[in-house]
Amino acid sequence: MEYVFAYGSSRGMLTVVLSTEAIALFKSHDIGADELVRKAAEWALLRGRASGTVTLGLHHEELAAFYWYFYQTQSVDRQPVS
């Protein structure tokens, strides 16, 4: 499954590729494929990547790095407000 996220000009095309395993992993966190693509693109942009391909698959190191980012941002988002 391939999702394309376009950012900026044609030189700024960012492609996000999701494996079925990555989709299943994040589905267990109630994150669908569309939201996963947006979060992966956000992560890539925050890391300074405005073009190229982000591949979230079992045999790609990007999946582990992205999962860490996801875990950290979910932890912050779900903190109780006092």
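Is aspartate 30 buried or exposed? Select aspartate 30 and check: its relative accessibility is 72%, so aspartate 30 counts as exposed. Here, buried means under 20% relative accessible area, exposed over 50%, and partly exposed in between, with a 1.4 Å probe and protein chains only. Aspartate 30 sits in the loop between H1 and H2. Look at its backbone too: phi is positive, about 60°, although aspartate 30 is not a glycine. Most residues other than glycine have a negative phi.

Before going on, a word on what is on screen. This is a predicted model, in which local features need pLDDT of at least 70 and side-chain atom pairs count only at pLDDT 80 or more, while totals for chains, interfaces and linings use all residues. Residues are numbered from 1 along each chain as its sequence is written, and side-chain values use heavy atoms, with hydrogens and water left out.

**The whole chain**

Switch to cartoon. The protein chain has 3 helices and 3 strands, and along the sequence they run β-β-α-α-β-α. Helices (H or I, at least four residues) and strands (E, at least two) are DSSP runs, numbered from the N terminus. Of the 82 residues, 34% count as buried. Now turn on contacts, meaning heavy atoms within 4.5 Å. Among contacts with a separation of 6 or more, 55% are between residues 24 or more positions apart. Put a surface on the protein chain and the accessible area is about 5500 Å², with 54% of that belonging to carbon and sulfur atoms; the areas come from the Shrake-Rupley method with a 1.4 Å probe, and for residues only the protein chains shown count as cover.

**Into the core**

Next, select Val16, Leu18, Phe26, Leu36, Val54, Leu56 and Phe66. These are the residues with the most contacts inside the largest nonpolar core, which has 20 residues. Such a core is a set of buried Ala, Val, Leu, Ile, Met, Phe, Trp, Tyr and Cys residues joined through side-chain atoms within 4.5 Å. Strand E2 (13-18), helix H1 (20-27), helix H2 (33-46), strand E3 (52-56) and helix H3 (61-77) each put in at least two residues. H2 gives the largest share, 7 residues.

Stay with leucine 18 for a moment. You'll find it in strand E2, buried at a relative accessible area of 1%. Draw a line from its C-alpha to that of valine 54: the two are 36 residues apart along the chain and 8.5 Å apart in space.

**Down the axis of H1**

Pick Ala22, Ile23 and Phe26, the buried residues of H1. Looking down the axis, you'll see that they fall within an arc of 100°, so they line one face of the helix. The arc is taken from the directions that run from the helix axis to the C-beta atoms. Flip to the face turned away from that buried side and you meet the exposed residues Thr20 and Lys27.

**Along H2**

H2 has 14 residues and spans 20 Å from first C-alpha to last, close to the 20 Å expected at 1.5 Å a residue; the expected span is 1.5 Å times one less than the number of residues. Its buried residues are Ala33, Leu36, Val37, Lys39, Ala40, Ala41, Trp43 and Ala44. Past the end of H2 comes glycine 48, with a positive phi near 90°.

The lysine in that list deserves a click. Lysine 39 has 17% relative accessibility and therefore counts as buried. Leaving out residues up to four places away in sequence, lysine 39 touches Ile31, Phe66, Tyr69, Phe70 and Gln74. Follow the last of these to helix H3, where glutamine 74 lies, buried with a relative accessible area of 12%.

**The aromatic stop**

Finally, show Phe26, Trp43, Phe66, Tyr67, Tyr69 and Phe70, which form one aromatic cluster. The whole structure holds 7 aromatic pairs. Rings of Phe, Tyr and Trp (its six-membered ring) pair if their centres lie within 6.5 Å; planes under 30 degrees apart count as stacked, over 60 as edge-to-face and the rest as tilted. Zoom in on tryptophan 43 and phenylalanine 66: they are edge-to-face, 5.6 Å centre to centre with 75° between the planes. Tryptophan 43 is in helix H2 and phenylalanine 66 in helix H3, so the pair ties together parts 23 residues apart in sequence. Both residues are buried. Beyond residues up to four places away in sequence, phenylalanine 66 touches Phe26, Leu36, Lys39, Ala40, Trp43 and Leu56.
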